[in-house]
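Dear colleague,

I am passing on the structure we spoke about, and below it you will find my notes on what turned up when I went through it. Please read them with the structure open beside you.

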Amino acid sequence: MAARWPRLRVWLWAWLLLQLLPQVYCEYGMVHVLSEMPGSKGKDYCILFNSQWAHLPQDLGKAKIFLSVKITLGSATMAISFSRQHAKSLLELQNQTASVLCSSSDVPHGGFNNQIPMVMRGNCTFYEKVRLAQINGARGLLIVSKERLVPPGGNRSQYEEIDIPVALLSYDDMLDIRKNFGTHVRGALYAPNEPVLDYNMVIIFVMAVGTVAIGGYWAGSRDVKKRYMKHKRDDGTEKHDDETVDVTPIMICVFVVMCCSMLILLYFFYDHLVYVIIGIFCLAASIGLYSCLSPFVRRFPLGKCRIPDNNLPYFRKRPQVRMLLLAVFCISVSVVWGVFRNEDQWAWVLQDALGIAFCLYMLKTIRLPTFKACTLLLMVLFVYDVFFVFITPFLTKSGESIMVEVAAGPTDSSTHEKLPMVLKVPRLNFSPLALCDRPFSLLGFGDILVPGLLVAYCHRFDIQVQSSRVYFVACTIAYGIGLLMTFVALAMMQMGQPALLYLVPCTLFVSFAVAFWRKELAMFWTGSGFAVNTSLI
C-alpha cells in the first residue's frame, strides 16, 4: 500500500501543474459590417477572440447598442472602435497598421485617447500590444493577421490587468471590407451561440448507414448468386464486375503501412500530393459509378447492339452500345466534379454521389473471408485512427491532429484544395459562425468502408447458416449506434473525432455477442466451410 503513495503524489503534482498552466480560450465572433450609404446590405466577417480579455454580446441587436464599432478604411488599412454605451457614441479607430505596436515609439503623438488602434501582428506578445494600447488610452485593440488566426492568449495576472477587448481579423477579410464597403463603414461585434449539433448530421447519418446497409446487403447477395448459379456474361466487362478480392492478414498489414505513409506524406507535402489524390478519386469514382449503374442499365431493352469488330484495346471486345454510353456518362460526371470541385454551392452533391458509388463498389469487390480477418482489420485501423487524431497533436509543432489537418485541408495550404475522400454536407443551422468554423461536416470513406466490410461478412454468414439475416441487421444497427456516439462525442468535445473509436467496438462486440448467443462463435470466427466453399466456385 505504501508503494502506491509515491506514484499517487506524482499524479497529484502533475494535475496541479496542469491547473497552473496558462489556458487560452479560443472563441469565434463576428464583425457585422454595414456601409454608411443608405440601402446597403451588411455582411459578417469572422474574428477570433479570447473571452478572458473581454466578453462580446451574443445578440447582434445588443451588439449594436452596447458594443458598437466604427470602421475607417484608409488607403490600405482598416480601423475598428468599440463603444460600451450607445451606437451614437462610436469610437474611432486610429490606423496603425504600419507598425506592430511593440514599443512606445510605435505610439503616435497624443496616444489613443478613446480610440481603437489597429496594428499588424508580430514581433511581440499579444499582452505587450494590448498593454501599450491600454496605457495610452485605447478602448480596444484589433490585430490584423496575414497568418493563421490564433487566440490572443495570456496568463491570469495579465487578464486581470487588461480590461479592453482584443480580437484578431484576417488580412484577407480586411481587404474584402475595403473592397465591398469603401472607406467609411459601420459595424458591430458579437459572438452568437452556436447549436450543439447541426442538422446536416442527419443527412450524413442517413448516407453513411444507408451505404453500409446497401453495400453489405449487395455484397452478400452477389456472393450467393456467384455460389449457386452461373452468370451469363455478355462481354468481358461483366466478367470483370464479378471478380472479388479476398483480404489476407499480410494484405492488411501492407494496407495499414501504406495508409500511415500516405497520411504523413500528405501532411508534409499536401500541396503537391493533393492533385494526385483528386485524380485517383476521379478515376476510382467513375469506375464505382459504372459498377453501381450497370445492373440497372442492363435491364433496359434498348442499346443491346454491339459496336463493329475492331482492334482497339477495349473496343475489340465489342461492348454493347448502352454500356459504352454508360461509361461515357460516368467519366463525364467525374470530369464535371473535377473541374467544378471548389463550387461549394453544389459540387458537394456530386462528390457525395461519387463517394457513395465508390464505397458501394469497394464493399462489393473486397471480401473479408473470416471474422478473424475482420477483427484484425478493424482493430489495427482502430489504433491507426486513434493515434493520428489524439496522439499526433503532442508530436506536431502546431499542436494539430494530423488526421484532422489532412482531412479538412491545412489552413496554410497555398492551393486551398480539399481531399475528396470524404462525405461532406454544408452546415444547415444558418449560424453566422459558419464563416469562422469549417462550413462542412465531414465523414471519411474509411469510416464507412471498414465497418461495412464486417457488415458484408455478416450478411454472407447469415445466408450460409440461414439465420434470417440476424447478423446483418444487428451489425448494421450497431454501426448506426456507433455513429450516433461519434456525433455525441463531437458535440461534447467540440473537436474532430476518430469515428472508428466508436464504430469498431460497437460492430465487433455486437457481432461477437450474436455469434456467442447463437452458439456459432467457432464457425463465425473461422468462417468454417464458408471461405472454402466460395473458393471452389
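**A cavity beside strand β7**

The second largest cavity is lined by Phe49, Asn50, Trp53, Ala54, Leu56, Pro165, Val166 and Ala167. Sorted by class, that lining holds 7 nonpolar residues and 1 polar residue, with no charged ones, and the space inside the cavity comes to about 40 Å³. Searching the whole structure gives 3 cavities of 30 Å³ or more. Please keep in mind throughout that this is a predicted model.

**The chain as a whole**

The chain is made up of 537 residues, of which 46% count as buried, and it has 18 helices and 12 strands. Among the contacts in the chain with a separation of 6 or more, 69% are between residues 24 or more positions apart.

**Strand β7 and its partners**

Two of the residues lining the cavity, Val166 and Ala167, also belong to strand β7, which spans residues 166-170 and has 5 of its 5 residues buried. In a regular strand, side chains alternate between the two faces of the sheet. In β7, Val166, Leu168 and Ser170 point one way while Ala167 and Leu169 point the other way, and all of them are buried.

The strand has pairings with β2 and with β6. Strand β2 (residues 43-49) runs antiparallel to β7 and is joined to it by 3 bridges, with Ile47 having Leu169 as its bridge partner. Strand β6 (residues 141-145) runs parallel to β7 and is joined to it by 5 bridges, and here Ile143 has Leu168 as its bridge partner.

Ile47, which lies in strand β2, deserves a separate look. Is Ile47 buried or exposed? With a relative accessibility of 0%, Ile47 counts as buried, because the cut-off for that class is under 20%. Once neighbours within four places in sequence are left aside, the residues in contact with Ile47 include Leu168 and Leu169, as well as Leu56, Leu189 and Cys436. The C-alpha atoms of Ile47 and Asp173 are separated by 9.4 Å, although these residues are 126 residues apart along the chain.

**Strand β11 and the largest nonpolar core**

Strand β11 (residues 422-426) is likewise mostly covered, with 5 of its 5 residues buried. Val422, Lys424 and Pro426 lie on one side of β11 and Leu423 and Val425 on the other, and both faces are covered. The strand is joined by 5 bridges to β12 (residues 440-444), and the two run antiparallel; within this pairing, Val425 stands opposite Ser441.

The largest nonpolar core counts 81 residues, and those with the most contacts inside it are Leu443, Ile448, Leu454, Tyr479, Leu483 and Phe524. Helix α9 (residues 270-297) gives the most to this core, contributing 12 residues. Which residues does Leu443 touch, not counting those up to four places away in sequence? They are Ile204, Ala208, Val422, Leu423, Ile448, Tyr479, Leu483 and Ala499.

**Helix α14 and the loop after it**

Val465 is found in helix α14 and is partly exposed, with a relative accessible area of 21%. That value falls just outside the buried class because buried means under 20%. Leaving aside neighbours within four places in sequence, Val465 is in contact with Glu520 and Met523, and its C-alpha atom is separated by 9.6 Å from that of Met523, which is 58 residues away along the chain.

Arg469 sits in the loop between α14 (446-465) and α15 (470-493). Its phi is positive, at about 60°, although the residue is not a glycine, and Arg469 is partly exposed, with a relative accessible area of 35%.

**A second positive phi**

Most residues other than glycine have a negative phi. Leu101, however, has a phi near 55°, again a positive value in a residue other than glycine. Leu101 lies in the loop between β4 (80-83) and β5 (118-120). Where Arg469 is partly exposed, Leu101 is buried, with a relative accessible area of 0%.

With best regards

Notes: Residues are numbered from 1 along each chain as its sequence is written. This is a predicted model: local features need pLDDT of at least 70, side-chain atom pairs count only at pLDDT 80 or more; totals for chains, interfaces and linings use all residues. Side-chain values use heavy atoms; hydrogens and water are left out. Helices (H or I, at least four residues) and strands (E, at least two) are DSSP runs, numbered from the N terminus. Buried means under 20% relative accessible area, exposed over 50%, partly exposed in between (1.4 Å probe, protein chains only). Two strands pair if DSSP finds at least two bridges between them. On a 1 Å grid over the protein atoms alone, a cavity is a set of points where a 1.4 Å probe fits but cannot get out, and a pocket is an open set with protein on both sides within 12 Å along at least five of seven lines; lining residues have an atom within 4 Å of a point. Grid points are joined across faces, edges and corners, and a volume is the space filled by probe spheres set on the points. Ala, Val, Leu, Ile, Met, Phe, Trp, Tyr, Cys and Pro count as nonpolar, Asp, Glu, Lys and Arg as charged, and the others, Gly among them, as polar. A nonpolar core is a set of buried Ala, Val, Leu, Ile, Met, Phe, Trp, Tyr and Cys residues joined through side-chain atoms within 4.5 Å. Contact means heavy atoms within 4.5 Å.
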